[in-house]
Amino acid sequence: MTYQKYESIDFREVISIFWHHKYLIILATIASLSIGIWYLHTAERIYKVALLVTPPEGQQLNKNSSIAAIANLTGGSLFGATNSSTFDLYLAGLTSIETANKLATDEMLMRKLFPSEWSENDKEWRKPVSVRDTFIENIKRMLGVTIIPWSPPNGARLQEYLEKKISFEQDNKNPLVAITIRHNNPALAKEILEKTHHTVDKIIREMTLDRANKKAAYLTEKLTKVTVTEHKQALVQELAKQEKILMATNSGLPYAAIPFGNPNASIRPVSPIGRFVLAASLVIGLLASMIIALLLNGLRHQSIEPRSIDNDAAD
């Protein structure tokens, strides 16, 4: 029978190793903190801008369906989701292709969103050329990855931008939904949220207005031909509903979603957070230097052991 010998950790020996390499640990920790401080001085400040919205009168926020589930509609067409509520359509429409195509007609906004691709001298869009982009493109070509040809900013590219930037936050105890954007330019983020909100509201309003007008015209025509009293009453009731919808869409008030004030930016940047960066730099510096100290101690012992074996053999 063989017995395996387990050696217990001698914490005093470990502390002795750290003390022996104390200058290494101190210098590594200072270097790590210096990198963290340098990062805080050079990193791009990201602010959180939020627009609070609530469903229009007569609708309630669906607590059973999460914002993520509602957002799944955004990959498709806004006009295809006819079974959703007006507020659901609004949330889905924020990143829909219809909204992006409308916003893409605002040339000044597009220049702000894609500044590196606009040539002020030539007054036209140009493919940006950089060493980094060229390197990545060559790597993709070597790996056989499909390279999408550059195209001037358009609705499709703007939709990708909105999908990356816009997110939703919902508290089940709060009737408001926060539409948020994290951006280094709070003023531009506010402009994006305001214009996107008004564009989606207008699209849904016009879509509803067109549908209600067609229904009302159809019902009015049917009323002139129906003679059965019960059928006539049903048509009148349905026509009254359409007239009510027409009144709501023509009122000039927010239709699909009611904004709870204007977009608001966070006072402090949400990234980077100074105390977290400094704490992480300190921990990483300490851990890395301690691991290096243990490794150096192990290598030193390995180099000593062969010498002692050789000396014993010589004796």
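Visitor: What is the mean pLDDT of the protein?
Guide: This is a predicted model. Of its residues, 84% reach a pLDDT of 70 or more. The mean pLDDT of the protein is 84.

Visitor: Over which residues does pLDDT stay under 50?
Guide: Where pLDDT is low, the predicted coordinates should not be read in detail. One stretch calls for that care. The model has 34 contacts beyond four places in sequence for it, yet pLDDT stays under 50 there. The stretch is residues 64-83.

Visitor: What volume does the largest pocket have, and which residues are the closest to its centre?
Guide: The largest pocket has a volume of about 1,100 Å³. Its lining holds 25 residues. The closest to the centre are E117, D133, I148, W150 and R157.

Visitor: Which element gives the largest share of the lining of the largest pocket?
Guide: Two elements give two or more residues to this lining: α7 (131-143) and α8 (155-165). The largest share is six residues, and it comes from α7.

Visitor: How many residues of the lining of the largest pocket are charged?
Guide: Take the other classes of this lining to begin with. Nonpolar residues number 11, and polar residues number four. The charged residues number 10.

Visitor: Which residues line the largest cavity?
Guide: The count comes to one cavity of 30 Å³ or more. The largest cavity has a volume of about 30 Å³. Helices α6 (107-113), α8 and α9 (186-223) each supply at least two residues of its lining. The lining is L103, L109, L113, L158, L162, I192 and T196.

Visitor: How many residues of the lining of the largest cavity are nonpolar?
Guide: No residue of this lining is charged, and one is polar. The nonpolar residues number six.

Notes: Residues numbered from 1 in each chain as written. Predicted model: local features only at pLDDT ≥ 70, side-chain atom pairs only at ≥ 80, totals over all residues. Heavy atoms only, no water. 1 Å grid on protein atoms, 1.4 Å probe; cavity = no way out; pocket = protein on both sides within 12 Å on 5 of 7 lines; lining within 4 Å. Points joined across faces, edges and corners; volume = space filled by probe spheres on them. Helix = DSSP H or I, 4+ residues; strand = E, 2+ residues; numbered from the N terminus. Nonpolar A, V, L, I, M, F, W, Y, C, P; charged D, E, K, R; others polar. pLDDT = per-residue confidence, 0-100. Contact = heavy atoms within 4.5 Å.
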